[in-house]
Amino acid sequence: MARVLPIALLCMAASFFSSAFVTLPTNEGATRATAARWSAVSGVLPGALLTVPGQAQAYSETELNQFGLVFAIFFLGFFIAGLVRMFTVGKL
């Protein structure tokens, strides 16, 4: 919670100031209503990103343990390959 609060405050502050976002490029065919709609949408996006759950909340403990097991075996393979390479080259 302590890590989310500064990000939330930063997003809220950025959404109140229109200069915090890149403005819509103006074409000759673009109307002021289109530009106003895009500027309103750009203020809503930071708030919408805060509602998305974090990556750690999206996975169960079982899924994380399964990934850790696969990652450990993968890392062990590279570690053993590195040791074999060091011993076969003859320079430590």
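The accessible surface of the protein chain comes to about 8500 Å², and 71% of this area belongs to carbon and sulfur atoms; areas come from the Shrake-Rupley method with a 1.4 Å probe, and for residues only the protein chains shown count as cover. Of the 92 residues in the chain, 3% count as buried, where buried means under 20% relative accessible area, exposed over 50%, and partly exposed in between. The structure is a predicted model, in which local features need pLDDT of at least 70, side-chain atom pairs count only at pLDDT 80 or more, and totals for chains, interfaces and linings use all residues. Residues are numbered from 1 along each chain as its sequence is written, and side-chain values use heavy atoms, with hydrogens and water left out.

The protein chain holds 3 helices and 0 strands, and its elements run α-α-α from the N terminus on. Helices (H or I, at least four residues) and strands (E, at least two) are DSSP runs, numbered from the N terminus. The average pLDDT, the predictor's confidence in each residue from 0 to 100, is 74 for the protein chain, and 46% of the residues score at least 70. Among the elements, helix α2 (residues 32–50) has the lowest mean pLDDT, 65, and α3 has the highest, 93.

Helix α3 is therefore a natural place to look more closely. This helix covers residues 61–89, has 29 residues and reaches 42 Å from its first C-alpha to its last, close to the 42 Å expected at 1.5 Å a residue; the expected span is 1.5 Å times one less than the number of residues. Just after α3, Gly 90 takes a positive phi of about 95 degrees.Next come the aromatic side chains. A search of the whole structure finds 3 aromatic pairs; rings of Phe, Tyr and Trp (its six-membered ring) pair if their centres lie within 6.5 Å, and planes under 30 degrees apart count as stacked, over 60 as edge-to-face and the rest as tilted. One of the pairs is Phe 71 with Phe 75, which is stacked, at 6.3 Å centre to centre and 25 degrees between the planes. Because Phe 71 and Phe 75 are 4 residues apart in helix α3, about one helical turn separates them. Phe 71 counts as partly exposed at 46% relative accessibility, while Phe 75 counts as exposed at 53%. Phe 74 and Phe 78 form an edge-to-face pair, at 5.0 Å centre to centre and 70 degrees between the planes. Phe 74 and Phe 78 are likewise 4 residues apart in α3, so about one helical turn lies between them, and both are exposed. Phe 67, Phe 71 and Phe 75 form one aromatic cluster.

A nonpolar patch on the surface is formed by Phe 67, Phe 71, Phe 75, Leu 76, Phe 79, Ile 80 and Val 84, with about 740 Å² of accessible area together. Patches are made of residues with over 30% relative accessible area and no salt bridge, with like charges joined within 9 Å and nonpolar side chains (Val, Leu, Ile, Met, Phe, Trp, Tyr) within 5 Å; a salt bridge is a side-chain nitrogen of Lys or Arg within 4 Å of a carboxyl oxygen of Asp or Glu. Val 84 lies in helix α3 and counts as partly exposed, at 46% relative accessibility.

Terms used: Buried < 20%, exposed > 50% of the residue type's maximum accessible area, 1.4 Å probe, protein only.
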